[in-house]
Amino acid sequence: MPKIADSLNPEVRHMRRALVLAAKGEGFTSPNPMVGAVVVKRGKIIGEGWHHKAGEPHAEVLAIQDAKSKGHDITGATIYVTLEPCAHYHRTPPCVNLIAKEKLAKVVVAMADPNPEVSGHGIRWLRERGIEVTIGLLEEKAFHLNEPFVMRMLFGRPMVTLKAAISLDGRIATKSGDSKWISSLASRKYVHRLRGKSDAILVGIGTVLADDPQLTCRLVVNCKRQPLRVIVDSQIKIPLNAKVISEGLKGQTLIAVTSKAPLEKRKKIEEMGVEIIVADGTDGRVDLKSLLKILYEKGLNSVLLEGGSALMTSMLAENLVDKVLLVLAPILIGGKDSLPLIGGKGFEKVSDAIHLQKVHFRRFGDDLLVEGYLNQELYNCLPA
């Protein structure tokens with residue numbers, strides 16, 4: 001709930017509106033961030049805009065166009081924007097040029113842009129031309145809105161979020177491999193909404209062989225778009241009739257293999273519209289860091305790691321997981337041969353275990369969602 005003092009503060013209200021607008025682009029803007037903007041004059045919002053898609057006009061441009069299309073004189077107005085306006089030419093002209101041209105008097109920015117091409121330059125450019133700029137209003141909310149973009153800009157790879165449904169005793173499947181369904185329907189709908197917001201879903205071949213998943217957003221009506229399905233399959237064991245490659249969504253599945261994968265099968269799968277990349281690592285396995293680098297180069301900001309235990313264990317061991325979302329279901333599976341969330345050797349001491357930071361909890365019926373950060377560098381970037 002917003003604080004009463006905040007709700008009475010017009011600047012906070014305007015920035016909150018800009019953040020709501022920014023979120024409308026969720027799932028569509030990668031590799032760009034989500035950005036919203038409102039133009040305000042005499043305390044009233046006269047123009048609104050948000051970034052819809054990479055290559056299309058930025059939020060500031062659309063907000064200014066909206067105000068002018070309604071016949072408003074925007075000279076001397078203030079623009080509230082959730083991210084620092086750009087000062088460089090890329091797919092679109094610099095937003096700072098338009099702000100200066102239209103003679104806006106003030107720019108209120110939620111957070112600086114982590115993109116090295118932009119960071120600080122837009123703010124400095126505006127101030128040098130006599131335009132007042134303030135920064136930091138609702139910075140934490142703006143940061144959380146664009147965590148994956150921040151991750152990609154600062155660390156050169158997509159943000160990886162590990163998602164799993166587990167029993168109270170830490171199991172993700174029974175000894176026979178059955179896992180349907182550990183979590184409730186409400187929790188599964190939440191996961192499908194996450195899929196609709198994520199740029200890619202990442203799983204290992206073990207998950208495909210055991211569950212034959214579709215890895216699509218289906219259980220909710222507002223799925224914004226389907227994510228790229230990424231399969232780690234060193235020896236390309238995937239069946240030709242697997243749902244992720246045989247049921248529609250042509251061009252939305254990528255399989256990471258090694259050079260030892262049979263060439264003939266690779267060609268057959270590629271003919272089905274599936275992209276195959278070779279990322280040789282040690283011990284005949286896919287190099288996971290190379291895979292994430294490739295996804296970064298494709299412009300992906302976010303990756304949802306959904307399984308299985310072997311891939312999750314490897315990603316954690318290589319410090320490639322940034323955030324964890326665990327749905328804890330009130331069931332006990334038991335059995336020494338049931339499948340744990342994380343395998344490997346484990347730790348000798350509790351003090352050496354992986355600790356989540358900035359932990360939050362949320363209920364979905366009887367299920368409990370535990371959310372926290374693992375990437376210490378990203379965690380240190382979070383506003384206090």
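**View 1. A cis bond leads into glycine 308.** Glycine 308 sits in a loop of this predicted model. On one side of that loop is strand 12 (302-307), and on the other is helix 13 (309-317). Look at the peptide bond from glycine 307 to glycine 308: it is cis. Its omega is near -5 degrees. Most peptide bonds are trans.

**View 2. A cis bond joins serine 30 to proline 31.** Here the peptide bond runs from serine 30 to proline 31, and omega is near 5 degrees. Where does proline 31 lie? Find the loop between helix 2 (10-23) and strand 1 (36-41).

**View 3. Asparagine 319 has a positive phi.** Most residues other than glycine have a negative phi. Asparagine 319 is not glycine, and its phi is near 55 degrees. The residue belongs to the loop between helix 13 and strand 13 (323-328). Is asparagine 319 buried or exposed? Its relative accessible area is 65%. Exposed means over 50%, so asparagine 319 counts as exposed.

**View 4. Lysine 358 has a positive phi within a strand.** Phi of lysine 358 is near 50 degrees, and this residue is not glycine either. Lysine 358 is part of strand 15, which covers residues 357-364. How exposed is lysine 358? Its relative accessibility is 26%. Partly exposed covers the range between under 20% and over 50%, so lysine 358 is partly exposed.

Notes:
Residues are numbered from 1 along each chain as its sequence is written. This is a predicted model: local features need pLDDT of at least 70, side-chain atom pairs count only at pLDDT 80 or more; totals for chains, interfaces and linings use all residues. Side-chain values use heavy atoms; hydrogens and water are left out. Helices (H or I, at least four residues) and strands (E, at least two) are DSSP runs, numbered from the N terminus. Buried means under 20% relative accessible area, exposed over 50%, partly exposed in between (1.4 Å probe, protein chains only).
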